[in-house]
Amino acid sequence: MPLQGFCWFLCCRKGFNLLGRDYGEKEEEESFELRNKEDLTCNGRGPLEVTLSQPPRTANGTNGHSLSEVPDEMKNLIIEKSKIMGLEENPELLVQGWLFRDVHGGWIKQRRYWFVLSQDSLDYYNGSERGAVRLGTLVLTNLCSVVWPDKHTYKETGYWSVTVHGRKHCYRLFTRHFNEAVHWACAIQKVIDTKDPVETPTQLLIRDIEESKFNPEVIEHIYQHNPILKYTQSPLYAPLLAFPYGSLEHTFHSGKGYATVREEAVKLFNCLQQLESARDPVALIQGVLQTCLDLRPLRDEVYCQLVKQTSSTPQPHTAAHLRYWQTLTCMSCTFLPSPSILKYLRFHLKRIQSQCPDSEMDNYASFIWEALEKTRCRECVPSWEEIQVLMGRQEMLCTVHYPGPGSCQLHISSHTTVNEVVRRMMERLGLKDSKNTFALFEQNTHWERPVGGNTIIADILTRFQNLSVKGPDSDSQWRLCFKLYCLLDIDAISVDSIEYLFLFEQVPNAKERETKSTNNICHEMVVRGQLPACEEDLQTLAALRLQSVIGDFSTHSPCPPLDELFPGHMIEARLLAPPPGPPPAPPVAPAQGCPPSGRFPGGLLGGALWGHAATAAHKHKVEQDLRLRSRLKEEAAAVMCTIVERWKGLAGYSSRDSMAAYLTIARQWSGFGCTLYEVDFYMSSTGSFSQKLWLGVAATCISLYKQGEAEALECFPYGQICSYGVSDSNTFKITAGDRDLLFETTKLTEIMQLMNAYFSATRCQRGRNPAAVGLADGTAVELGFHRLPSAPTLVELPSHPV
C-alpha cells in the first residue's frame with residue numbers, strides 16, 4: 001500500500017469495516033519501533049521512518065505538500081504538526097526575539113539567532129529581516145519538555161538558560177535577562193500543553209484490540225499483520241509506549257545513573273532478551289524490577305514488552321522462553337500496570353489460556369491472573385529468595401518467633417500482610433478467644449518496633465536481608481516476633497495458657513534492648529528498671545525467674561549474667577550516691593599571696609605547673625574509673641550471691657508456681673500492663689521548663705510517672721481526653737479538659753498507634769463494633785490532631801483482629 005494512502009487510511013480508519021482493515025504487510029511499515037539492522041541505509045536510517053501519520057496540512061488548513069517536503073523533525077510522529085511557513089508568509093506567531101544557543105566559555109564568540117515560537121514549532125533564523133534563512137526547526141508535541149532557568153547555570157555562564165527537549169533535537173537557549181527566560185519557558189510550555197496526546201503504533205493497536213476483543217477473527221487478523229505485537233529476536237530501537245523527551249534530572253532518580261526514560265525502556269528490552277541465554281536469570285529479573293521501582297513510567301512499558309515476547313513464541317515450551325513468563329510473574333507480584341495496560345494484559349492471559357490449555361504457559365497465566373487480584377505496590381524489590389520461589393509459582397517460608405524459645409514457620413506469598421500472619425499465629429497458638437490484642441514486632445538485639453497491619457511480610461523479609469548484608473554481625477540480625485500489644489483483661493488470662501507465658505516473659509532473647517519505650521509486660525520491665533520496686537523485691541523476682549526458667553539450683557546449672565536478671569542501674573546508683581555523714585566543710589579562703597584554686601602563675605614556670613597538673617588530673621581520673629569498675633564488679637557479685645541464696649530457698653517450686661509468684665509481686669504496681677515511653681514533659685506552654693518522665697499508655701487511661709516512682713503524678717482517663725496528636729515534628733500534645741499536655745519524644749507514631757488501638761478496643765467492648773481490635777497500621781496513622789467527643793470513640797479502624 002502506498003504511504004500516503006496508508007496514512008489517509010489510518011486517519012479515516014473509524015469508518016472502515018473492521019474485517020476489511022489492512023494493518024500493513026511488513027514489520028518495518030507498521031512501526032518505527034522495530035527495525036532490522038540490515039534494512040538500514042548508508043545514512044543510518046531505515047527505508048521508511050513514518051508510518052502512522054496524518055496528511056500534512058498548510059497553515060490555512062488546506063491539504064498540500066507531499067511527505068518529502070515535511071521537515072525531518074516531523075517524521076516518526078503519530079500526530080503531526082502543521083506545515084511550517086517562513087516569516088514572509090506571516091504565520092500566527094506567539095513569541096519572537098534574539099537568543100543565544102549553546103553558550104560556551106572561553107574565547108568562543110557567542111552567536112545570536114532570531115527565534116520564533118508558533119503554535120506548532122520553535123524555529124530559529126539567521127536574522128530577523130523578511131526572507132531570512134531558517135536554520136532549524138523543533139516540532140512541538142505533547143512529548144516535548146521544558147527545563148526552566150536555574151541559578152546554577154547562571155552562576156557558571158552568566159546567562160539564564162531554557163532547555164527544550166524534542167524527539168531528535170534539544171535546544172538550549174540563553175539570555176542575560178531572567179524575565180525574558182521565564183517568558184520563553186512559559187510560552188513554550190503553554191504550546192506543549194495544548195497539543196493532543198501522542199500515541200505510538202502499539203498504543204493504537206492496544207486500543208483496537210480492546211474495541212474488537214469480542215471478535216476473534218479481527219483479533220487474529222490484527223496479530224497476524226502486526227509483528228510489533230509478537231515475539232521478536234530483533235532489538236528494540238524505540239519504546240512501545242510514548243514517553244516525554246529529555247533527561248530524568250528534574251523528574252526521576254538521576255542520582256542512580258539512569259539515562260532518559262526512552263533510553264532506559266530500550267535497555268530493559270535488551271535485558272529481557274538476555275534472559276533466554278542467562279545461566280542465572282534472578283539477577284537480571286531483579287535488575288528489571290529495581291528499574292521499574294525507581295522509574296514508575298517504565299512499569300507499563302515492561303508489561304507491554306513481556307506481553308509482546310510471550311505472544312506467538314516459536315518455541316513456547318522451552319526453558320529459555322518460559323523465563324519471560326517467570327519475569328511477568330514477578331512483575332505481577334510487585335507492581336500493577338495502569339488500567340488500560342491491565343485490560344490488555346488480562347486479554348493476553350485469556351488468549352494464551354485458550355490457545356495453550358494444560359501447559360506451563362497456562363499455569364503461569366492462571367498464577368498471574370490471581371496475583372493481579374491481590375497485588376499492591378511493593379516498597380522493596382523482591383529478594384533473591386522470593387524471585388526464585390515466584391519462578392516456581394510456590395510460597396516462601398517465614399519464621400515468626402514468640403516469647404520464650406518458641407517459633408513458628410508459616411507459608412506466605414508475595415501478598416501476605418501482617419494482619420494475616422497475626423491471625424494465623426493466634427490460631428496456631430490457640431489465642432483466638434483472647435480478650436487481649438497481639439502484634440508483630442521487628443526486632444534485633446538492641447531495637448524493637450511494632451509493624452503496621454497492612455505491611456506486606458515479603459517487604460519486611462527483603463528489608464531484613466538487605467540489612468544483614470550491610471551488617472552481618474549477630475547483633476544486627478533482625479527477625480519477626482509475635483507479642484502481646486494491648487493488655488485489656490489481665491485477670492482473664494489462664495495460668496495454664498501460653499498467653500500466661502507471654503505475660504510473664506515477653507523477652508524473646510536474653511539481651512536487653514536499648515529502646516526508649518516498652519510494652520513488655522513483666523520481665524523486660526524488671527531488667528530495664530521500669531518496674532518501681534524495692535531492691536529486696538527485685539532480688540526475689542530474679543530468684544523466681546531463675547527457678548521458673550532453670551529449675552532447682554544446682555552447681556552444674558548454667559546461670560545467666562546479672563544484667564539479664566536485675567536492673568544494673570540500681571547498682572550504679574548505689575555506688576554513685578554520696579555516703580551518709582556530716583555536710584562538707586565550707587571552702588577555706590586562700591592565704592594572702594597565694595593564687596586562687598585552679599590558677600597558676602604565668603610565665604614558663606606557670607606553664608610547666610599547668611601541664612603537670614593536667615597530667616596528674618588525667619591520671620587521677622583513670623585511677624578513679626578503675627576503682628569504680630572494681631567496686632561495681634564487687635557489688636554485682638554480692639547481689640548475685642544474694643539472688644542465688646534466694647534461688648536455693650525456692651527448691652521444689654514448679655515453673656508455673658514460680659511464674660505465678662513472680663507476677664503476683666509485679667502486679668502490686670498500679671501501672672502494671674501499661675506501655676511506658678520516655679518523654680520530656682513541658683511544664684509550661686512556652687516550653688521553657690521540662691522534666692524527664694514516663695508516659696504510660698494503658699487500657700483505660702494515660703498516666704505520668706516520675707522515673708523510679710510507683711505512684712503516678714497524674715492520671716487522665718480516656719473519657720477526659722478531648723484530643724491528641726502531633727503539634728510539630730517531635731512534640732505530642734494531649735488535651736484533657738482545659739489542660740494542654742506537651743511531650744517531646746521520638747516515638748510519635750508508636751504512641752499514636754497504641755492510643756488508636758486502645759480507643760478501638762474501648763469501642764469494641766461497648767458493642768459498637770463486633771470485630772476485635774489490633775495494632776493500628778503505622779502507614780495509616782495520621783500524624784495530625786485527633787479531636788474526640790466527650791466519650792472515647794473509634795479513632796482509627798484496627799488492623800489486627802483478635
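Trainee: What makes S4-S3-S2-S1-S7-S6-S5 an open sheet with edge strands?

Mentor: The seven strands follow that order with antiparallel pairing, and strand S4 (134-139) and strand S5 (145-147) each pair on one side only. Two strands pair if DSSP finds at least two bridges between them; strands are DSSP runs of E with at least two residues, helices runs of H or I with at least four, numbered from the N terminus. This is a predicted model, in which local features need pLDDT of at least 70, side-chain atom pairs count only at pLDDT 80 or more, and totals for chains, interfaces and linings use all residues. Residues are numbered from 1 along each chain as its sequence is written, and side-chain values use heavy atoms, without hydrogens and water.

Trainee: How do you know that strand S1 (residues 93-101) and strand S2 (residues 112-118) pair?

Mentor: They share seven bridges in the antiparallel sense, and the definition asks for at least two, so they count as paired.

Trainee: Why is the contact of Arg346 and Glu373 called a salt bridge?

Mentor: A salt bridge requires a side-chain nitrogen of Lys or Arg within 4 Å of a carboxyl oxygen of Asp or Glu. Here the N to O distance is 3.4 Å, so the pair qualifies. Arg346 lies in helix H11 (residues 339-355) and Glu373 in helix H12 (residues 360-374), so the pair ties together parts 27 residues apart in sequence.

Trainee: Why is Arg346 called buried or exposed, and what of Glu373?

Mentor: Buried means under 20% relative accessible area, exposed over 50%, partly exposed in between (1.4 Å probe, protein chains only). Arg346, at 18%, is therefore buried, whereas Glu373, at 54%, is exposed.
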